[in-house]
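Visitor: Please show me the sequence and the structure, and let us then discuss the packing of helices and strands.

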Amino acid sequence: MSTDDVLAEVGARLRRIRKEREVTLAALSEATGISVSTLSRLESGLRKPSLELLLPIAQAHQVPLDELVGAPPVGDPRVRSKPIVRGGRTHWPLTRQPGGLQAFKVLEPQRKQEPDPRTHEGYEWLYVLSGRLRLVLGEHDVVLSAGEAAEFDTRVPHWFGSTGEGPVEFLSLFGPQGERMHVRARPART
């Protein structure tokens, strides 16, 4: 719908709202400070609506400006991605475009596994939401708890999974071209 089409429908909306509230043009004029003739021309479509005219009318009728102009409804903001189960681990993709930086919410079930470090091109960032995540990275074997993060070059042999004590939920950001994540956090004091 074009801007002209939207503006052409405003007059009919103004008239309908005023009639529903049983308000006369004279009473609306008094409440808004807009002349009766201007209000009449707005309702009949002979005058283009402007913010200077619509704002006081919206206030007088106690309706949002969107209702006067018929703004399209805002789409559903929820991310509805289908989970992917791979090797017993559930991944929810949080990015939709292929290539580049990819984000996933991951649920690793409680299980004991023997680490099998692998390498590949890229850079990974992990953030633990709940539970404990075991990360084997090169010669390091660490456990991350909720609120902790790790980042690493995926060319270093690495593996991550459950500690075996319970499930772990975490966010994973992966950049196949080696993009680094930038976290603005103060290092822990030792």
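The exchange below covers helix packing and then the sheet.

Guide: This is a predicted model, in which local features need pLDDT of at least 70, side-chain atom pairs count only at pLDDT 80 or more, and totals for chains, interfaces and linings use all residues. Residues are numbered from 1 along each chain as its sequence is written, and side-chain values use heavy atoms, with hydrogens and water left out.

Visitor: Is α2 roughly parallel or roughly perpendicular to α3?

Guide: Helices (H or I, at least four residues) and strands (E, at least two) are DSSP runs, numbered from the N terminus. Helix α2 (residues 25-32) and helix α3 (residues 36-44) have axes 9 Å apart and pack at an angle of about 110°, where axes are lines fitted to C-alpha atoms, for helices over the stretch in contact, and angles run from 0 to 180 degrees between N-to-C directions. Angles under 35 degrees count as roughly parallel, over 145 as roughly antiparallel, 65 to 115 as roughly perpendicular and the rest as oblique. Therefore α2 is, relative to α3, roughly perpendicular.

Visitor: Which residues of α3 make the contact with α2?

Guide: Contact means heavy atoms within 4.5 Å. From α2, the contributors are Leu25, Ala26, Leu28, Ser29 and Thr32. On the α3 side they are Val36, Leu39, Ser40 and Glu43.

Visitor: Which residues of α3 are met by α1?

Guide: The axes of helix α1 (residues 3-20) and α3 come within 6 Å and cross at roughly 115°. On α1, the residues involved are Gly11, Ala12, Leu14, Arg15 and Arg18. They meet, in α3, Leu42, Glu43 and Ser44.

Visitor: Which strands stand at the edges of the sheet?

Guide: Two strands pair if DSSP finds at least two bridges between them. The open sheet has 6 strands in the order β1-β2-β3-β9-β4-β7, with antiparallel pairing. Each edge strand has a single partner, so one side of each is left without a neighbour in the sheet. The edge strands are β1 (84-86) and β7 (149-153).

Visitor: In β2, which residue is the bridge partner of Val85?

Guide: β1 pairs with strand β2 (residues 89-93) in the antiparallel sense over 3 bridges. In β2, the partner of Val85 is Thr90.

Visitor: In β7, which residue is the bridge partner of Leu126?

Guide: Strand β4 (residues 123-130) and β7 pair in the antiparallel sense over 5 bridges. Across this pairing, the bridge partner of Leu126 in β7 is Ala150.
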